[in-house]
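Hi everyone, thanks for coming. Today I'd like to walk you through one protein model and look at how its parts meet. Let's put it on the screen.

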Amino acid sequence: MTKTVLSCIQPTGHMHYGNYFGAVKNWVDLQEKYACYYGVVDYHAMTMPYDVKKLRNNTWELIYNLLAVGVKAENLFIQSLVPEHTELGWIFNCFCSVGHLSRMTQFKDKGKDSEEKSKDAFVSAGLFDYPVLQAADILIYKADYVPVGKDQDQHLELSRAIAQRFNNTVGKEYFVMPETLHSETPKIFSTADPSKKMSKSAGEKHFINVFADEARIRKQIRSAVTDQGGASDEMSPGVLNLFTLLKSAGRMDEHEALMKDYNAGTLKYVDLKDATADGLSAMSNAFTEKKAEITSDKRAIKYLIKQSSEEIRKIAKETLREVKELVGLLNVK
Ligand code: TRP
């Protein structure tokens with residue numbers, strides 16, 4: 001039987017090469033082998049203080065971006081178009097202990113961050129409960145594999161604990177235990193500060209948008225930090241990051257040639273930078289072209305994604321129906 005893959009991503013306006021090489025490209029590749037469901041999780045995006053005027057736009061923007069880089073429309077859904085996730089989330093709340101949720105490091109980190117920014121920061125109950133909704137996202141499709149970063153391991157373990165408690169309570173092996181799928185994805189760092197992960201939150205110069213124009217990419221790569229001074233036998237993080245980007249952009253031959261230069265001690269950083277900028281620009285140009293095509297008829301795309309969400313929702317509805325039967329609730333129909 002074809003195995004099922006599920007993953008989700010929170011809507012943000014930008015997609016950078018850290019997101020793409022680290023996760024989304026893997027989503028695209030997995031489509032060849034598995035039955036895949038990929039969600040844009042707008043309910044999760046409400047767990048931190050947010051701008052109500054921007055959320056819906058960010059959701060659609062992410063949909064356009066995912067389509068432009070190769071995620072198939074029929075595999076995509078928007079979480080709020082499958083409201084069964086939240087209903088199952090409620091049921092799962094009753095199969096998850098406060099103690100277990102209190103140990104989630106992501107909650108502690110995000111909560112602490114907000115409190116550091118302001119003493120009376122608003123930390124929502126939704127942020128605390130976030131992993132329970134995530135468990136519902138996963139289990140509602142009875143996913144075998146969940147491709148996520150290591151930072152999500154704890155959430156996956158919580159999902160399994162919920163599934164286990166549920167199965168024990170209803171006396172049936174109803175849910176399969178979902179496994180994380182740690183694919184070998186490259187870690188991309190900020191070119192401006194290679195000690196930091198590429199991320200949007202660190203500011204403009206710390207991420208390269210996958211839809212950036214060529215001039216901007218060249219400028220960012222040209223100014224990439226290479227050596228930070230101090231002699232060392234090891235490749236500096238900045239140089240390593242450029243090599244990673246070059247390879248990820250599919251420029252294997254150049255990667256090999258420049259690596260030879262590096263090992264011979266003759267590498268000119270400008271050559272590495274130019275090759276990397278060429279590779280990324282070629283990718284970005286293709287993505288941008290695809291995105292222009294997609295966004296030339298937004299109405300059609302919105303219709304398409306509403307359809308795919310509705311199609312995927314059938315699975316969610318069926319699971320929820322069975323779950324309600326099993327736990328002693330009533331079904332509307
Ligand atoms: N918590 C995930 C993240 O921050 C996003 C997410 C929500 C998710 N629901 C999920 C990931 C279900 C995998 C499966 O990246």
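**Where two domains meet**

The domain assignment splits this protein into domain 1, made of residues 4-186 + 298-327, and domain 2, residues 204-292. Please keep in mind that what you see is a predicted model.

Let's start with the overall layout. The C-alpha centres of domain 1 and domain 2 are 32 Å apart. So how many residues are in contact between them? Twelve residues of domain 1 touch 15 residues of domain 2.

Now for the area. Between domain 1 and domain 2, about 1300 Å² is buried, and carbon and sulfur atoms give 70% of that. On the domain 1 side, Tyr-17, Phe-21 and Ala-68 lose the most area to domain 2; together they account for 46% of what that side buries.

What about charges and polar groups? The rule finds one salt bridge across the interface of domain 1 and domain 2. You can look for the side chains of Glu-61 and Lys-291, which meet in a salt bridge at 2.5 Å, N to O. The count of residue pairs in polar contact between the two domains is seven, with both residues at pLDDT 80 or more.

Which elements give two or more residues to the side of domain 1 that touches domain 2? They are α1 (17-30) and α3 (52-68). Of the elements there, α3 gives the most, with four residues.

Finally, the make-up of that side of domain 1: eight nonpolar residues, three polar and one charged. Thanks for listening, and please ask away!

Technical notes
Residues are numbered from 1 along each chain as its sequence is written. Side-chain values use heavy atoms; hydrogens and water are left out. Domain bounds come from an automatic or database domain assignment. Contact means heavy atoms within 4.5 Å. Buried area is the accessible area (1.4 Å probe) that two parts lose on being put together, summed over both. A salt bridge is a side-chain nitrogen of Lys or Arg within 4 Å of a carboxyl oxygen of Asp or Glu. A polar contact is a pair of N or O atoms within 3.5 Å; within protein, one must be able to donate a hydrogen and the other to accept it, and residues adjacent in sequence count only if both atoms are side-chain atoms. Ala, Val, Leu, Ile, Met, Phe, Trp, Tyr, Cys and Pro count as nonpolar, Asp, Glu, Lys and Arg as charged, and the others, Gly among them, as polar.
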